[in-house]
Amino acid sequence: MPLYDYKCPACEHRFEARHSMNVDAPACPACGHTPVARVITSAPSVAGGMLTHAGDGRRASKEQLQSKWAEETPKLRKKLVDKLGESTVRKNAPHLFNDNG
Ligand SMILES: [Zn+2]
């Protein structure tokens, strides 16, 4: 489960909470205020972040996405392999090894 950083807008207490993405932010443990603001402190893990972004496609057209993906895949694959080892990447992201795209 991801760990989130929050900051309470009422009392400025900062705290971390670990919960699934589908769950609403918890109330401030210091004053009970809700909602609290999510604080973005760091990029998500390489694997999770990049794989998620690939499917995100803000406003790019499908073709732009495909060519971007084709361009990025070898780089991403190398990055992941360097970091995690090829067998891990193959197991978790087999599509990166599928050159037919
Ligand atoms: Zn508070």
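## Exercises on a small sheet and a cysteine

β1 and strand β3 (residues 37-39) run antiparallel to each other and are paired over three bridges. Keep that in mind as you work through the exercises below; the model is a predicted one.

**Exercise 1.** Work out which residue in β3 is the bridge partner of D5.

*Solution.* Start from the pairing of β1 with β3, which is antiparallel. Then look across from D5 into β3: the bridge partner there is V39.

**Exercise 2.** Describe how β1 and β2 pair, and find the partners of L3 and Y4 in β2.

*Solution.* First, place the strands: β1 covers residues 3-7 and β2 covers residues 14-18. Next, note their sense, which is antiparallel, with five bridges between them. Now go residue by residue. L3 has R18 as its bridge partner in β2, and Y4 stands opposite A17. Finally, inspect the hairpin itself: six residues lie between the two strands, and E12 has a positive phi near 65°.

**Exercise 3.** Put the strands into the context of the whole protein chain by finding the order of its helices and strands.

*Solution.* Begin with the count, which is three helices and three strands. Then read along the sequence to get the pattern β-β-β-α-α-α.

**Exercise 4.** Decide whether C28 is buried or exposed, and say why.

*Solution.* Locate C28 first: this residue sits in the loop between β2 and β3. Next, count its C-beta neighbours inside 10 Å, which gives 21. The cut-off for a buried residue is 20 or more, so C28 counts as buried because it has 21 such neighbours. For the chain as a whole, buried residues make up 7% of the 101 residues.

**Exercise 5.** Find what surrounds C28 once its neighbours within four places in sequence are set aside.

*Solution.* List the contacts in sequence order: C28 touches C8, A10, C11 and H13, and also H33, T34 and V36. Then check a C-alpha distance to β1: Y6 is 22 residues away from C28 along the chain, and their C-alpha atoms are 8.4 Å apart. To finish, turn to the whole protein chain: of the contacts between residues at least 6 apart in sequence, 32% join residues at least 24 apart.

Note on methods. Residues are numbered from 1 along each chain as its sequence is written. This is a predicted model: local features need pLDDT of at least 70, side-chain atom pairs count only at pLDDT 80 or more; totals for chains, interfaces and linings use all residues. Helices (H or I, at least four residues) and strands (E, at least two) are DSSP runs, numbered from the N terminus. A residue is buried if 20 or more other C-beta atoms lie within 10 Å of its own, exposed if 12 or fewer, and partly exposed in between; C-beta atoms are placed from the backbone. Two residues are in contact if their C-beta atoms, placed from the backbone, lie within 7 Å. Two strands pair if DSSP finds at least two bridges between them.
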